[in-house]
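Load the model in your viewer and keep the selection box at hand. The stops below take you from one element to the next.

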Amino acid sequence: MHCRYLQHKGRLFKVPGLYRWAVVVSGPKLVDDVRKASDDELSLMEAMNDNLNSEYTLGHDVHHNPYHAAIIRSQLTGNLGILYPDIRHEIVTAFEEILDLRGNEWKSVPAFQTVREVISRTTNRILVGLPLCRNPDWIDLTIQFAVDVVKGGIIIAFFPRVLAPVVTRFMTGVPGSARRGIKHLGPIIEERRKHLEEYGKDWADKPNDFLSWLMDHPEASQSSTKDLALRILSVNFAAIHTSSNSFAQALYILAADPQYMQSLREEVESIVETHGWSKGALPKMRKLDSFLKECQRIEGVSSASMVRKAMKDFTFSDGTVVPKGTVVVVASQATHLDDGNYENAGTFDPFRFANVPEEDGEAAKHSFISTNSEYLAFGHGKHGCPGRFFAATELKTMLAHVVLTYDIKLVDDTTPPRSWRIGIHIVANPTAKVMFRKRAH
């Protein structure tokens, strides 16, 4: 896609996908057209349904009425300050338990799997709370569910649409995952429903977690236990693998070049000393923020973002018309590696975004979570990733904890393990190992 981008920059071009051609958008003007398009012109949900068969893999209600997305946008983001001690506590505990380091000896660990487990525990601490977030079967299910959905989506696509319900039921892992989810969540949901009926929305010791917010939503009273379980699993699907990818890539880059460690360590130490561990301290860690953003810019989780399906013939501002049914994507990685957008775009510069002067009000525009037509890792516009504020809080706290608590290095190689590319997806190397030891003070 990168070569085609260089040939057709600022215009539309086509690339072949697994089942169909996609029209790729490049250049700020056309990206803006996608951003501004209404859902009945260019639809995110229908593109997702085409890719994952989400109507069947995530369930009819989750696909057609994604009210959980509004809860992520409002309540999850709004509660991050209050929930921050829980987020940090789970990160610290998870690293300690999973790494299980002895004395000051180095230990080699499978990086991607370790990161994924820390992220599953931390995410679920906020989604469903203790003790379920630490249950090994639940952790395994939340990680496995994404694999079931992606594989299930591919299998369903090979059959006529009319057979989709039968194929989902007998040939995919999705129904089994739903049953496992209900086994864990069923008793918790029943108990909370009793409290809701008895005391209304407020009762003493009511958990302040995503499941509570979901059950408080007016639409949830009509929802079955299965629907609520599938919504929780769907949020896990969106949260765990993208964040695990991003953090594993950052960990490989950090382990390959220990000089970055010292700068980050000094920044985190001085800010924690002054402001303590709080959500308010995180925006002050500008080098840390820049490091994660630069990892995302250079690596990222996909070479394309802002995937949409044309619901009718759509005319771009340059006059190009894409016919109804066309899949449209934005060339995000090629945009990130364009020298016209970033100086020496192909070079990893960890503190590139921290060097913007704070006085001119530009700093916030260059933060990890801020989207624009040149930085598209989280999409852009009204469909920008709603969970990015939570993801950034989680990833920054993890990185701050790692640099303060551990020394890390690669097992033998001095270059970061290469990410795998599968279609448009970019996956942090799933087999590489990183050495950890308790930090030598």
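Start at Leu185: helix 11 bends there by about 45°, and a proline, Pro187, follows within four residues. The bend at a residue is the angle between axes fitted to the seven residues ending there and the seven starting there. Helices (H or I, at least four residues) and strands (E, at least two) are DSSP runs, numbered from the N terminus.

A word on the model before moving on. This is a predicted model, where local features need pLDDT of at least 70, side-chain atom pairs count only at pLDDT 80 or more, and totals for chains, interfaces and linings use all residues. Residues are numbered from 1 along each chain as its sequence is written, and side-chain values use heavy atoms, with hydrogens and water left out.

**Stop 1: the rest of helix 11**

Select residues 174-199. These are the 26 residues of helix 11, which should span 38 Å at 1.5 Å a residue. The end C-alpha atoms of helix 11 are 35 Å apart, which agrees. The expected span is 1.5 Å times one less than the number of residues.

Now colour by burial. Buried means under 20% relative accessible area, exposed over 50%, and partly exposed in between (1.4 Å probe, protein chains only). The buried residues of helix 11 include Val174, Ala178, Gly181, Leu185, Ile189 and Arg192. An α-helix has 3.6 residues a turn, so residues three or four places apart point the same way.

What do the buried residues of helix 11 pack against? Show helix 4 (54-57), helix 9 (136-157), helix 10 (164-171), helix 12 (210-216) and helix 13 (225-256). Contact here means heavy atoms within 4.5 Å. Then step just past helix 11 to Gly200, which takes a positive phi of about 80°.

**Stop 2: the five-stranded sheet**

Next, find the open sheet of five strands, in the order 1-2-8-5-3, with mixed pairing. Strand 1 (12-16) and strand 3 (42-43) stand at the edges, each with a single partner strand, so one side of each is left without a neighbour in the sheet. Two strands pair if DSSP finds at least two bridges between them. Strands of a sheet pair through backbone hydrogen bonds, either parallel or antiparallel.

Walk across the sheet in order:

- Strand 1 and strand 2 (residues 21-25) run antiparallel, joined by five bridges. Val15 stands opposite Ala22, and the bridge partner of Lys14 is Val23.
- Strand 2 and strand 8 pair in the parallel sense over four bridges. Pick Val25, which stands opposite Val330 in strand 8.
- Strand 8 and strand 5 pair in the antiparallel sense over three bridges. Here Val330 stands opposite Ser305 of strand 5.
- Strand 5 and strand 3 run antiparallel, with two bridges between them. Ser43 stands opposite Lys309 in strand 5.

How covered are these strands? Six of the six residues of strand 5 are buried. Four of the five residues of strand 2 are buried, so strand 2 is largely enclosed by the rest of the structure.

**Stop 3: helices across the sheet**

Add helix 2 (residues 28-36). Helix 2 lies across strand 1, strand 2, strand 3, strand 5 (305-310) and strand 8 (327-330), and runs at about 65° to strand 5. Then add helix 3 (residues 44-52), which lies across strand 3 and strand 5 at about 90° to strand 5. Axes are lines fitted to C-alpha atoms, for helices over the stretch in contact, and angles run from 0 to 180 degrees between N-to-C directions.

**Stop 4: Arg4**

Select Arg4, in helix 1 (residues 2-8). Arg4 is partly exposed, with a relative accessible area of 31%. Leaving aside neighbours within four places in sequence, Arg4 is in contact with Phe13, Lys14 and Val15. Draw a distance to Val31: 27 residues away in sequence and 16 Å in space, C-alpha to C-alpha.

**Stop 5: strands 4, 9 and 12**

Move to strand 12 (residues 433-438). Four bridges join it to strand 4 (residues 107-110), antiparallel, and Pro110 stands opposite Lys433. Strand 9 (residues 406-410) also pairs with strand 12 in the antiparallel sense, over five bridges. There, Lys409 stands opposite Met435.

**Stop 6: Cys385 and helix 17**

Finish at Cys385, in the loop between helix 16 (332-336) and helix 17 (388-405). Cys385 is partly exposed, with a relative accessible area of 28%. UniProt, in an unreviewed entry, places the feature "binding site" at Cys385. UniProt positions are given in the numbering used here, feature names are shortened, and annotations may be inferred rather than shown by experiment.

Extend the selection to helix 17. Its 18 residues reach 25 Å from first C-alpha to last, close to the 26 Å expected at 1.5 Å a residue. In helix 17, 16 of the 18 residues are buried, so the helix is largely enclosed by the rest of the structure.
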